[in-house]
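User: I'd like to understand the labels people put on a structure. Can we go through them one at a time?

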Amino acid sequence: MMSRPCTHEPVCPEAGAPDRDAACSVAHAPEQGWALLCNGVLIFEDLGELLPSGEIVPPRRPLPHVPAARSPRRSASSSPYPSCCDQP
Ligand SMILES: [Zn+2]
């Protein structure tokens with residue numbers, strides 16, 4: 001599939017970029033639940049994506065609530081990461 005050069009300012013992220021969702025939408029079919037982004041990514045309502053390469057990105061709905069990693073012994077440091085590897 002040919003990718004059109006982006007004419008937006010600032011330039012949209014490429015299809016392979018982690019922030020590809022931020023590209024401008026050039027076609028939108030809300031009744032069908034998809035939008036075509038400037039970088040050729042087809043993005044669906046449920047956040048699934050079809051990349052120009054043909055690669056399919058599974059839907060990644062934002063989870064309403066993700067329980068925080070349980071740490072029975074909460075250390076004084078407020079690191080958001082589970083400290084399984086740096087225990088003494
Ligand atoms: Zn663009």
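Analyst: Sure, starting with a definition: donors are N, O and S atoms within 2.8 Å of the metal (3.2 Å for Na, K and Ca), and since water is not among the atoms, sites may look incomplete. Here the donor residues of the zinc ion follow the spacing C-x1-H-x3-C-x25-C. This is a predicted model, where local features need pLDDT of at least 70 and side-chain atom pairs pLDDT 80 or more, while totals for chains, interfaces and linings use all residues. Residues are numbered from 1 along each chain as its sequence is written, and side-chain values use heavy atoms, with hydrogens and water left out.

User: What makes Cys-6, His-8, Cys-12 and Cys-38 donors of the zinc ion?

Analyst: Their atoms SG, ND1, SG and SG lie 2.0 to 2.3 Å from the zinc ion, and the cut-off for this metal is 2.8 Å, so they count.

User: Why is the site of the zinc ion called tetrahedral?

Analyst: Four donors get that name if all angles lie between 85 and 135 degrees. The angles among the 4 donor atoms here are 103 to 119°, so the site passes. For four tetrahedral donors the ideal is 109.5 degrees.

User: How do you know that Cys-12 and Cys-38 are buried?

Analyst: Buried means under 20% relative accessible area, exposed over 50%, and partly exposed in between (1.4 Å probe, protein chains only). Cys-12 has 10% and Cys-38 has 9%, so both are buried.

User: And what makes Phe-44 partly exposed?

Analyst: Its relative accessible area is 31%, so Phe-44 falls between the two cut-offs.

User: Why do Arg-20 and Glu-49 count as a salt bridge?

Analyst: The rule asks for a side-chain nitrogen of Lys or Arg within 4 Å of a carboxyl oxygen of Asp or Glu. Arg-20 and Glu-49 are at 2.6 Å, N to O, so they qualify. The structure holds 1 salt bridge. Arg-20 is buried at 15%, and Glu-49 is buried at 1%.

User: How do you know that Cys-24 is in no disulfide?

Analyst: A disulfide needs a pair of cysteine sulfur atoms within 2.5 Å. By this rule the count is 0 disulfides. For Cys-24, the nearest cysteine sulfur is that of Cys-12, 3.7 Å away, so the pair misses the cut-off. Cys-24 is partly exposed, with a relative accessible area of 30%.

Methods
Four donors count as tetrahedral if all angles lie between 85 and 135 degrees; four count as square planar and six as octahedral if opposite donors are over 155 degrees apart and all others between 65 and 115; anything else is irregular.
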